[in-house]
Amino acid sequence: MHLYDLTIHQARALLDAGEISAVELTQAVIDRILAVDNDVRAYITLTPEVALEQARAADAMGRQPQKLPLQGIPIAVKDIICTAGIPTTCGSRILEDFVPPYDATVVARLKAAGAVILGKTNTDEFAMGSSTENSAFFPTHNPWDLERVPGGSSGGSAAAVAAGECLGALGTDTGGSVRQPAAFCGIVGLKPTYGRVSRYGLIAFASSLDQVGVLARDVTDAAILLSVIAGHDPQDSTSLDVPVPDYTAALTGDIRGMRVGVPREYFIAGIQPEVEAAVRAALGQLADLGAEIVEVSLPHTDYALPVYYLIAPAEASANLARYDGVRYGLRIVGDSLEDTYKQTRGRGFGPEVKRRIMLGTYALSAGYYDAYYLKAQKVRTLIKGDFDRAFEQVDVVVAPTSPTTAFRIGEKTEDPLQMYLSDIFTLSVNLAGICGISIPCGFDAQGLPIGLQIMGPALGETTVLRVAYAYEQATDWHTRRPPI
Amino acid sequence: MILTREEVEHIADLARLALTEEEKERFRQQLSAVLEYAARLQELDTEAIPPTATVLPLRNVMRPDDPRPPAPREDILANAPEAEENCFKVPAIWD
């Protein structure tokens with residue numbers, strides 16, 4: 001096995017035993033990036049010097065009795081999360097030259113935990129997309145089939161984890177942007193409860209939905225990463241002041257007597273038959289492990305997509321008003337100050353971002369607010385209520401992560417609505433503010449990974465991780481590596 | 001529920017976005033399709049349902065107003081498209 005293929009906990013054991021050094025591990029991952037990233041294109045910015053410096057520091061600390069949880073572990077960060085002194089572009093021309101003067105809280109926590117930061121990963125512009133094709137710079141390719149998308153918007157982070165270009169990564173999930181790319185790339189992706197992780201320094205897309213999540217090669221690694229980044233942050237008034245459990249303690253492998261809900265609305269026409277078969281087989285395995293499978297209903301599932309595509313764009317239109325070419329970012333000088341705003345934004349934003357700003361502006365505008373935005377907020381209440389009722393009956397809800405496996409690059413770029421449908425099973429979790437994880441549960445006939453989504457109630461990360469871990473230990477999907 | 005070209009231009013103006021003629025037509029079609037899809041929300045009776053703006057139980061989070069050192073001015077201004085004498089420089093609003 002190559003060093004770059006190790007999980008975080010495997011690398012941790014080798015580092016602790018003195019069998020490898022952080023510099024060796026980091027250099028192996030950097031070499032791997034140099035070997036494959038011309039094809040995968042997971043990274044927008046690489047910081048090998050910074051990484052090796054941090055690795056040397058980790059090695060120098062090595063003899064301290066108390067090891068830091070990520071000491072010497074090479075990690076990638078989605079390029080929508082601020083890194084002091086390292087460009088943070090959001091995959092956008094409008095922030096192409098932006099260098100944050102501060103670290104996001106999650107980045108500060110990674111550093112405090114001893115992590116080695118390798119660089120910044122590609123994303124759909126401002127995290128708006130499901131394929132990473134909306135990056136203003138270049139698309140990222142799926143390591144399992146380079147002709148296909150890695151999913152999105154955290155496609156760079158997912159592809160990097162899958163291809164051995166880091167040991168774990170941070171992503172963000174506003175409507176499925178951690179879970180869907182994790183499914184497409186055959187890895188684990190966890191979206192924490194809204195408020196569980198600080199958003200300070202996460203560049204805002206839709207503030208009531210955005211949450212930082214983790215991408216990893218297995219469930220144990222996801223638990224380790226979440227334990228590092230979770231917790232209250234006075235800099236984010238929406239972060240919850242609730243103690244952070246040791247998430248790795250949840251990984252017992254025992255799910256006997258737990259109740260697993262299967263939402264009948266998630267097995268719909270249009271779902272790829274191999275995806276449905278893999279998910280149903282996974283439910284059978286959970287039953288074999290002693291869980292009780294219960295059919296549940298989430299009756300407003302059909303409305304999640306239109307609700308999301310009104311609320312998220314509305315919030316985006318307000319958040320992205322700050323890109324005016326005055327204090328930072330691109331400026332294109334026009335005939336007047338107003339024309340400068342219009343030219344800067346018209347040329348600085350790509351098509352999907354402009355589409356969503358337009359949609360959100362319309363939904364919030366005089367005469368349409370009640371019919372669209374307020375209506376969507378009311379239906380959001382109904383969607384949240386569906387989950388509240390389901391979690392009175394069951395511990396977790398299990399469904400596919402996405403209706404299909406990874407699609408071809410270019411296949412859906414001309415039809416935004418088709419692209420949006422790729423997130424149909426993940427959006428509700430963000431609208432309800434609950435948590436969810438995607439783990440590998442099989443492959444289709446083309447050899448493309450299939451994701452199993454396990455959803456839990458607010459602050460139910462331990463429960464979700466426990467079920468995910470039990471399934472993972474009973475299967476070997478997570479040990480497969482892409483052919484690249 | 002089809003947007004007119006005039007509506008697209010009005011929205012773009014509100015959003016301060018300069019669009020090309022080709023973009024206006026494309027957005028007119030694409031946004032109309034999404035709005036038609038969203039029309040299914042009208043099927044639901046939400047008369048008695050309160051809106052959800054945030055899932056959090058938190059309201060008006062307060063903290064002590066302790067002074068802290070601000071970010072260094074030069075770090076902030078380093079990202080400005082144009083700066084002069086410790087200020088952001090913008091085009092004149094009137095002559």
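Chain A of this predicted model contains 15 helices and eleven strands. Its C-alpha atoms occupy a box of roughly 65 × 50 × 45 Å along the principal axes. The radius of gyration of chain A is 21 Å, and a compact globule of 484 residues would have a value near 23 Å, so the two agree.

The burial and contact figures add to this picture. Of the 484 residues in chain A, 67% are buried. Among the contacts in chain A with a separation of 6 or more, 76% join residues that are 24 or more positions apart.

The surface comes next. Chain A exposes about 14900 Å², and 51% of that area is supplied by carbon and sulfur atoms. As for charge, chain A carries 40 positive and 55 negative side chains. The centres of these two sets lie 4 Å apart.

In chain B, one residue can be followed in detail. E21(B) is located in helix α2, which covers residues 21-38 of chain B. Is E21(B) buried or exposed? With a relative accessible area of 49%, E21(B) falls between the two and counts as partly exposed, because the exposed class requires over 50% and the buried class under 20%.

Two relations place E21(B) among other residues of its chain. The side chain of E21(B) makes a polar contact with the side chain of K24(B), at 3.0 Å. E9(B) is twelve residues away from E21(B) along the chain, and the C-alpha atoms of these two residues are separated by 9.9 Å.

Definitions and conventions: Residues numbered from 1 in each chain as written. Chains lettered and ligands numbered in written order. Predicted model: local features only at pLDDT ≥ 70, side-chain atom pairs only at ≥ 80, totals over all residues. Heavy atoms only, no water. Helix = DSSP H or I, 4+ residues; strand = E, 2+ residues; numbered from the N terminus. Rg over C-alpha atoms; globule rule 2.2 N^0.38 Å. Buried < 20%, exposed > 50% of the residue type's maximum accessible area, 1.4 Å probe, protein only. Contact = heavy atoms within 4.5 Å. Areas by Shrake-Rupley, 256 points an atom, 1.4 Å probe, with all protein chains shown as cover. Lys, Arg positive; Asp, Glu negative; His and termini not counted. Charge placed at Lys NZ, Arg CZ, Asp CG, Glu CD. Polar contact = N/O pair within 3.5 Å; in protein donor to acceptor, adjacent residues only side chain to side chain.
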